[in-house]
Amino acid sequence: MAALIAGTLLLVTAGWSTAHPGASDAKGGVLRVARFEDVDYIDPALAYSSWSAALLHPTCARLFNLPDRPGADGARVVPEVVRRHTVTDGGRTYRFELRRTFRFHTGAPVTARSFADAFNRVADPRMRSPGAGFLHEIVGADAVREGKARTIEGVRVLSPYRLELRLTKPVGDLTARLTMLFFCPVLPNTPIDPRGIDDPAGSGPYYVADRVVNQRVVLRRNPYYRGDRPAHVDQIVYTAGVAAEDCLAATQDDRVDLCLGVAAIPDTAHRGLAAKYGVNRPRGQYFVAPVLSVFAFAFNHDRPAFAGREQIPLAKAINYAIDRHELARVVGVLAGRRTDEILPPSLGGTGRVYPIAGPDLVTARKWLKRARLEPRELVLYALNTSFGVGFAQVFAFNLKQIGIDVTVRFFDLANLAQRARTRGEPYDVVFQPWTVDYPDPASFFVLLQSESIGGANWANLDDPTVDARIDAANRLTGAARRRAWADLDADLMRDNPPWAPFLHRNQRNFVSKSVGCFFLHPVYREDLAAICKK
């Protein structure tokens, strides 16, 4: 077993898996998908989970998209509906010429107005869309969000197939943001409804043909789709309310093809599945690949233990003290890659500062003595799941070895997030899981911007120098951009670590014997349109 797991690590790191149908894999059939609970929404303006993304990705043609490919290829931003585009005014004005071959499942054309309406719908405060914040740099978007305007000034339809976006400042991640499902094109007069619609128009290879809340979602082929994305099966049927253990048994018995989500398979089952079926075999059944995600302990800079530069030694001491090897063991076999970096390797991670094979308690104690305040007790907010409890136990044990007692308080994810966003909440350290919204380093570093305090910045880091470096990096493009983010990651972790990151996660999936081709996308994970049946 150990040899099997070790032999697959290179493949896992590369994100390799079979992606194309073989000679015996027929087009057509029904893909049977299940999960223990329903999706949050099927409305692209509101859907904000990996499982709703898995269902909506096949239904949506975006201005820019991510290839239906595994590994680094799948994280590469490419034009989809955009035929060509120009960037002028120092990176503040984007003009898009659109392809004229895209149609909704109704037969209506996808036009510049379809995208402008989507932007305005997301920004409308009545919609309460979590995507509104991603429009912040578009001129006039905040005015719409605040109810001061009805349409976004910086979004202009120049002609039926020409669209213009004007920005308040250059942002190098704009095209990556536009791959998000919030910006799926919509039909005219799509209602503004914060409860969400259940029949969004399909502009991709599939459309939502049926939706019964808490029961099922059915996708069928878009008969008017002429794009180049895959659409191997005729129909995708998603069933809600199937427990993880039952879903695994149903997949093994070939009654279900795929169980969606991180908790789709019990952690205890993965070792046996890897041993029995192998990992990432062509036409196999068990697959593992990296996703753009990180687990970390965030240090609350509002608290005396981490406030001010005199307490940076404490943050370094904790990074030396934690046992990243043992923390990785908590989530199980093939669940991730140990790290001391914010960015995963595919987005620019370059080196190592802290130990990942085990703690270095000698160095940790030396750094702790350099802190102005050496706390005897810290409060950790943790997740009340099995792995969340395990992480807390390892963290508390490690800090006990350098003379710090840890008081742990456990919460479910929604409660943990609400408390971590509340200024003045009495935690010193909080477990922060994060999966990117789009494949760009900026989607990680939003967690450390001062403007994200009260939101994603659970560390409450308010550092003008860090803000300036994030802003400068986000103006760059190409190789210079990648270097700037990698340098920022390395400099922060070496000189002023806001977190103790410990794991870059993998996605692990098991499919039925009826599945002929399958891969894990680095952002969308289970790429349903690219799955084929035998």
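Two strands pair here if DSSP finds at least two bridges between them. Keep that in mind for the first stop. The model you have open is predicted.

**Stop 1: strand S16**

Select residues 429-435, which make up strand S16. S16 is mostly covered, with five of its seven residues buried. Now add its partners. Strand S14 spans residues 377-383 and runs parallel to S16, joined by two bridges. Pick Leu380 and look across: Val429 in S16 stands opposite.

Next, select residues 286-299, strand S12. S12 and S16 pair in the antiparallel sense, over seven bridges. Pick Ala298 to see one position in detail: Val430 is its bridge partner in S16.

**Stop 2: the open sheet**

Move to a sheet of five strands. Color them in the order S8-S9-S10-S1-S11. The sheet is open, and its pairing is mixed. Which strands stand at the edges? Strand S8 (206-212) and strand S11 (258-259) do. Each has a single partner strand, so one side of each is left without a neighbour in the sheet.

Zoom in on the S11 end. Select residues 30-35 for strand S1. S1 and S11 run parallel and are joined by two bridges. Ala34 is the residue to click: Cys259 in S11 stands opposite.

**Stop 3: helix H10**

Select residues 361-370, helix H10. Show side chains for Ala364, Trp367 and Leu368, the buried residues of this helix. Why do these three lie on the same side of H10? They cover an arc of only 105° around the axis, which puts them there. The general rule behind such a pattern: an α-helix has 3.6 residues a turn, so residues three or four places apart point the same way.

Rotate to the face turned away from the buried side. Val362, Lys366, Lys369 and Arg370 are the exposed residues there. Then turn back and add residues 312-321. This is helix H8, part of what covers the buried residues of H10.

**Stop 4: Asp173**

Finish at a single residue. Asp173 lies in the loop between strand S7 (162-166) and helix H5 (174-177). Is Asp173 buried or exposed? Its relative accessible area is 1%. The cut-off for buried is under 20%, so Asp173 counts as buried.

Now show its contacts, leaving out residues up to four places away in sequence. Asp173 touches Tyr438, Asp440, Ala442, Asn474 and Arg481. Select these five together with Asp173 to frame the last view.

Methods. Residues are numbered from 1 along each chain as its sequence is written. This is a predicted model: local features need pLDDT of at least 70, side-chain atom pairs count only at pLDDT 80 or more; totals for chains, interfaces and linings use all residues. Side-chain values use heavy atoms; hydrogens and water are left out. Helices (H or I, at least four residues) and strands (E, at least two) are DSSP runs, numbered from the N terminus. Buried means under 20% relative accessible area, exposed over 50%, partly exposed in between (1.4 Å probe, protein chains only). Contact means heavy atoms within 4.5 Å. The arc is that of the directions from the helix axis to the C-beta atoms.
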